[in-house]
Amino acid sequence: MRLLEEGIQYGYVQLTEQKVKHTIEDVTKLYPVYRIRLDQLFYNDQNDRIATWVSEYNSTEGKDLRMLSVEEYNKVIEDFIVNSNTDAIRSTEKNIELVGQRVPGVVLNDGRVIDGNRRLTCLRRIARKNTSVGWFEAAILDDATSSDAKRVKMLELAIQLGEEDKVDYDPVEKLVGIYNDVIKTGLLTPAEYAKAADMKEADVNKLIERANYMEDFLEFANAKEQYHLARELMVDGPLGELPGILKKEKSERDKALMKRLVFANIIVQPEGDITRCVRKFKKIAGTDAEPSFRAEEQTAMASLVDRMGSSPLTKEKVRALRAEERLVRQFQRPLEKADEVVHRERLLATPVKKSREAQQCLEQILPEMLARLSPYDRRDVRQTLTDVIKLARKRIEELDELD
């Protein structure tokens with residue numbers, strides 16, 4: 001059913017006196033707001049937030065969510081939205097019950113909701129208790145339908161990411177969108193994604209790199225395209241550290257190994273903050289401590305892979321693996337040892353580094369600069385340099401005692 005034609009004709013859609021401003025495809029204008037009966041609407045399965053839940057449903061239930069009837073499909077996604085942030089839903093629901101829907105959503109002419117998932121969810125829940133609340137207020141885009149997947153995605157990005165005061169996506173959800181729309185299907189080019197989401201293309205390219213790492217991680221976990229697992233493990237932070245680690249590796253083989261070691265650590269989580277844990281890899285990579293560190297971590301990874309087996313990794317299995325103290329310690333020990341070695345080497349390098357810095361600083365004081373100083377400043381510089389000479393002599397004496 002087309003909302004602006006049959007919907008109005010049969011009374012499922014009613015024009016209100018409100019108007020709402022949106023910038024769509026570089027054009028800003030006021031759109032009329034309509035009241036739309038709830039049973040004429042359906043959630044947008046191209047929404048990046050919903051995509052991670054769809055992957056979880058398809059994996060758990062062993063069937064395609066999109067094959068359900070519209071009402072069954074809506075009910076499943078409604079449950080996802082509620083369970084993802086129950087407190088926020090209750091708060092919004094209570095507010096709508098008190099003052100009504102204050103912010104209109106955005107809907108396509110065939111009923112696909114582009115903006116307003118949480119509000120729609122709250123209204124559906126309220127309507128079950130109060131049948132007089134059965135309408136969703138939204139602007140209707142009359143020249144876009146679900147069949148135009150590319151346009152739907154660009155509209156969603158423009159409205160969800162490109163407008164002010166929007167709650168940003170979960171980082172993993174954004175990576176899922178990048179992977180599906182730019183890498184996997186090629187629905188959008190990096191330039192098109194950047195324009196629609198009001199981002200720099202360079203930043204989109206960084207997200208593309210991270211999205212590829214996310215897919216590599218899921219493949220390592222035998223859970224290809226199981227995006228709910230990536231969301232559960234909050235992989236965005238540690239994967240963001242990977243480029244800095246890999247650029248220190250000389251061979252492709254070493255890069256591939258370090259990447260797998262990072263993936264293994266993400267699963268086991270040997271320290272509370274996994275991003276901070278992975279950041280230590282960057283300090284260790286390229287140092288004398290790396291070879292022994294890599295060897296011990298490989299042994300730990302072999303134990304992990306053996307325990308994981310060939311079945312897809314699940315969040316329940318991750319919890320069980322993280323509860324194995326012996327396995328966690330296998331990953332902790334080499335990390336702690338290598339981190340300590342690197343820290344000690346940096347401390348030992350400090351005298352050489354600082355003495356050279358002191359020499360460079362003194363060399364930057366030129367005679368013509370001294371000539372322009374006031375008598376007071378000349379006395380101050382002379383006293384400081386005298387103190388430097390005394391301190392330098394003391395350090396030389398300490399070095400002589402060691403020879």
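Is Cys 361 buried, partly exposed or exposed? Cys 361 is partly exposed, with a relative accessible area of 48%. The model is predicted. This briefing covers the cysteines, a six-stranded sheet with a closer look at strand S4, and the second largest pocket.

**Cysteines**

- Cys 277 is buried, at a relative accessible area of 0%.
- Cys 361 has a relative accessible area of 48%, which lies between the 20% limit for buried and the 50% limit for exposed, so this residue counts as partly exposed.
- Zero disulfides turn up when the whole structure is searched.

**The sheet**

- Six strands make an open sheet with mixed pairing, and their order is S1-S2-S6-S4-S5-S3.
- Strand S1 (13-24) and strand S3 (42-43) are the edge strands, each pairing on one side only.
- Strands of a sheet pair through backbone hydrogen bonds, in either the parallel or the antiparallel sense.

**Strand S4 and its partners**

- In the strand order, S4 stands between S6 and S5.
- Four bridges link S4 to strand S6 (residues 135-141), and this pairing is parallel.
- Gly 105 of S4 (residues 105-108) has Ala 138 of S6 opposite it.
- With strand S5 (residues 112-115), S4 runs antiparallel, and two bridges join them.
- Val 106 has Asp 115 as its bridge partner in S5.
- S4 and S5 form a hairpin, with three residues between the two strands.
- Gly 111, in the turn of this hairpin, has a positive phi of about 105°.
- In a regular strand, side chains alternate between the two faces of the sheet.
- Along S4, Gly 105 and Val 107 point one way, while Val 106 and Leu 108 point the other way.
- Gly 105, Val 106, Val 107 and Leu 108 are all buried.

**Second largest pocket**

- The volume of the second largest pocket is about 490 Å³.
- The lining has 15 residues, and those closest to the pocket centre are Pro 351, Ser 355, Leu 391, Ala 392 and Arg 395.
- Helix H17 (325-363) and helix H19 (375-402) each contribute at least two lining residues.
- H19 gives the largest share of the lining, with eight residues.
- Sorted by class, the lining holds ten nonpolar, two polar and three charged residues.
- Among the residues closest to the centre, Pro 351, Leu 391 and Ala 392 count as nonpolar, Ser 355 as polar and Arg 395 as charged.

Technical notes
Residues numbered from 1 in each chain as written. Predicted model: local features only at pLDDT ≥ 70, side-chain atom pairs only at ≥ 80, totals over all residues. Heavy atoms only, no water. Disulfide = S-S within 2.5 Å. Buried < 20%, exposed > 50% of the residue type's maximum accessible area, 1.4 Å probe, protein only. 1 Å grid on protein atoms, 1.4 Å probe; cavity = no way out; pocket = protein on both sides within 12 Å on 5 of 7 lines; lining within 4 Å. Points joined across faces, edges and corners; volume = space filled by probe spheres on them. Pairing = 2+ DSSP bridges.
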